[in-house]
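These notebook entries record what I looked up in one structure. I began with the chain as a whole and then turned to selected details.

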Amino acid sequence: SDKTSYSNYTAVKATTPLSAMKNAVVKSTSSSAIALAWGQNANATGYIIEQYKGGKWTKIAVTKSNTTIAFTVKGLKSDTTYTFRVKAYRNIGKSTVYSPYTRLAGTTRIANVSTFTGRCSNIGAITLRWAVNNVATGYIVEVYRGGKWKQAKVIRDNSVTSATIDGLGDNETYTFRIKSFRTENNTTKFSEYKSVKVSTGITPIG
């Protein structure tokens, strides 16, 4: 009679790779930090964040939970573009599987003025002073009044380092803020804000 011969079985364990990262974005930037965020991968153990520097990719963070879906990279230079990539990983026994990388790029903000002060200069008037910002085209000064920020001065010369805001009430405290801006090739970049509180009830200058 006919007989069929069979070889022994060979066991192969297949692991499904993780899906690509979704909704990865640069959430916010400052002059020294870039905040990254991404969508949660429910099948992941955590995430790996890498930064391209010195001509190679360098691991800068590994999260231990798939619910950690944001990371802020600090200690960066102002007005500089940085590239990052993020991937999910999953630990299965002694092995680890990974998702494809998702690449992100972000540019830090330009630096703002190093100092910003104010003093009552006359009845209902406050004079603000700040350090010159050599990387800026100019400055925007705002005052908080009526429950919202209002633009008080736009200065398009970075050598101008003071402004007087009048029409204010007597014996009242106001919050002012300043940001630097630089316009190049029809594109304007802004720094973060720097704030100061000043009262009109103090002794006037001079």
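What does the accessible surface of the chain come to, and what percentage of it belongs to carbon and sulfur atoms? I noted that the model is predicted. For its chain I found an accessible surface of about 12,600 Å², with 46% of that surface belonging to carbon and sulfur atoms.

Entry on the whole chain. I looked up the secondary structure and found 0 helices and 16 strands. Of the 206 residues in the chain, 36% are buried. I then looked at contacts between residues at least 6 apart in sequence, and 60% of these join residues at least 24 apart.

Entry on a sheet. I followed an open sheet of 3 strands, in the order 1-2-5, with antiparallel pairing. Its edge strands are strand 1 (25–29) and strand 5 (70–73), each of which pairs on one side only. The twist from one strand to the next averages 25 degrees. Between strand 2 (residues 34–37) and strand 5 I recorded 4 bridges. Here Leu-36 stands opposite Phe-71 in strand 5.

Entry on Asn-133. I located Asn-133 in the loop between strand 10 (125–130) and strand 11 (138–145). Is Asn-133 buried or exposed? Its relative accessible area is 5%, and because the cut-off for buried is under 20%, I entered Asn-133 as buried. Leaving aside residues up to four places away in sequence, I found that Asn-133 touches Ala-111, Asn-112, Val-113, Tyr-139, Asn-158 and Ser-180. With Ser-180 there is also a polar contact, side chain to side chain, at 3.0 Å.

Terms used:
Residues numbered from 1 in each chain as written. Predicted model: local features only at pLDDT ≥ 70, side-chain atom pairs only at ≥ 80, totals over all residues. Heavy atoms only, no water. Helix = DSSP H or I, 4+ residues; strand = E, 2+ residues; numbered from the N terminus. Buried < 20%, exposed > 50% of the residue type's maximum accessible area, 1.4 Å probe, protein only. Polar contact = N/O pair within 3.5 Å; in protein donor to acceptor, adjacent residues only side chain to side chain. Contact = heavy atoms within 4.5 Å. Pairing = 2+ DSSP bridges. Axes fitted to C-alpha atoms, helices over the stretch in contact; angles between N-to-C directions. Areas by Shrake-Rupley, 256 points an atom, 1.4 Å probe, with all protein chains shown as cover.
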